Amino acid sequence: MIVDLAVPFKDSHADQLSFSLHTPRLPAEHVQQCAVDGFEIEVRVLSASHQVVVRHADGELIETVACLPGDGSLPRRHRTCRGALTHEMVSRTSQHEAGELHGLVARLVERAQTGDHVLVGRFPGSPDAITAIELQDGAPGGWQTWHAYPERDELVWTRSWIGQRK
């Protein structure tokens, strides 16, 4: 699904993103819900990036990747246990040549047009200013995200997994 958002994006570059598992739900520009293998997943596109809310019989977890004052930076790897749930996230920021980012964003938009569990939020002002979230088929509780910053030709990618502690 592709959603054209009405608000300009707040992030100006990848270094402003931070990560949190303790931020409550923030106002969202678009919310999409689904159920995958016993998990209720709420995907939230924010004006400042994304939140994924995961509910399960064992609890709830909210992953936030956004511009959050005072919350630090986006780690390359994070692993934690919260109650009976485990969460792991990896991230990577890449710099691209002029025009290369446009091609990557075009492929993400194409995936959103044909995929069942792909959401792309497009921000006004540039067709390449997007936040994309894809729930992973065959990987319960898994998702990946992309945050594109066309003014700097940067792309931030994250991949997250959530599961039950044994």
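Reader: What pattern does the protein chain follow, read along the sequence?
Author: This is a predicted model, where local features need pLDDT of at least 70, side-chain atom pairs count only at pLDDT 80 or more, and totals for chains, interfaces and linings use all residues. Residues are numbered from 1 along each chain as its sequence is written, and side-chain values use heavy atoms, with hydrogens and water left out. Helices (H or I, at least four residues) and strands (E, at least two) are DSSP runs, numbered from the N terminus. The chain has one helix and twelve strands, in the order β-β-β-β-β-β-β-β-α-β-β-β-β.

Reader: What is the radius of gyration of the protein chain?
Author: The radius is taken over C-alpha atoms, and the globule rule is 2.2 Å times the number of residues to the power 0.38. For 166 residues, a compact globule would come out near 15 Å, which agrees with the value for this chain: 15 Å.

Reader: What does the C-alpha trace span along its principal axes?
Author: The spans describe the protein chain along its principal axes. They are about 45 × 35 × 25 Å.

Reader: What percentage of the residues count as buried?
Author: Buried means under 20% relative accessible area, exposed over 50%, partly exposed in between (1.4 Å probe, protein chains only). Of the 166 residues, the buried part is 50%.

Reader: Which strand gives the largest share of the largest nonpolar core?
Author: A nonpolar core is a set of buried Ala, Val, Leu, Ile, Met, Phe, Trp, Tyr and Cys residues joined through side-chain atoms within 4.5 Å. The largest has 27 residues, and Ile41, Val54, Leu74 and Ile162 have the most contacts inside it. Elements giving two or more residues include strand 5 (49–56), strand 8 (85–95) and strand 12 (154–164). The largest share, four residues, comes from strand 4.

Reader: How many residues are in the second, separate core?
Author: Val105, Val118, Ala132 and Ala148 are among its members. The count for this core is 14 residues.

Reader: Among contacts between residues at least 6 apart in sequence, what percentage join residues at least 24 apart?
Author: Contact means heavy atoms within 4.5 Å. By that rule, the share joining residues at least 24 apart is 57%.

Reader: Is Leu46 buried or exposed?
Author: Leu46 lies in strand 4. Leaving aside neighbours within four places in sequence, Leu46 contacts Leu26, Pro27, Ala28, Glu29, Gln51, Ala66 and Phe123. Its relative accessibility is 2%, so Leu46 counts as buried.

Reader: Where is Asp153 found, and what is its relative accessible area?
Author: Asp153 sits in the loop between strand 11 and strand 12. Not counting residues up to four places away in sequence, Asp153 touches Ser94, Gln95, His96, Glu97, Ala98 and Leu101. Phi of Asp153 is near 55°, a positive value in a residue other than glycine. Asp153 is partly exposed, at 22%.

Reader: How far apart are the C-alpha atoms of Asp153 and His13?
Author: Along the chain, Asp153 and His13 are 140 residues apart. Their C-alpha atoms are separated by 9.1 Å.

Reader: What is the relative accessible area of Asp15?
Author: Asp15 is in the loop between strand 1 (2–4) and strand 2 (18–20). From Asp15 to Ala112, C-alpha to C-alpha, is 26 Å. Asp15 is exposed, with a value of 63%.

Reader: Is Asp37 buried or exposed?
Author: Asp37 lies in the loop between strand 3 (30–36) and strand 4. Its relative accessible area is 57%, so Asp37 is exposed.

Reader: How far apart are the mean positions of the positive and negative charges?
Author: Lys and Arg count as positive and Asp and Glu as negative; His and the chain ends are not counted. Each charge is placed at NZ of Lys, CZ of Arg, CG of Asp or CD of Glu. For the 16 positive and 22 negative charges, the mean positions differ by 7 Å.
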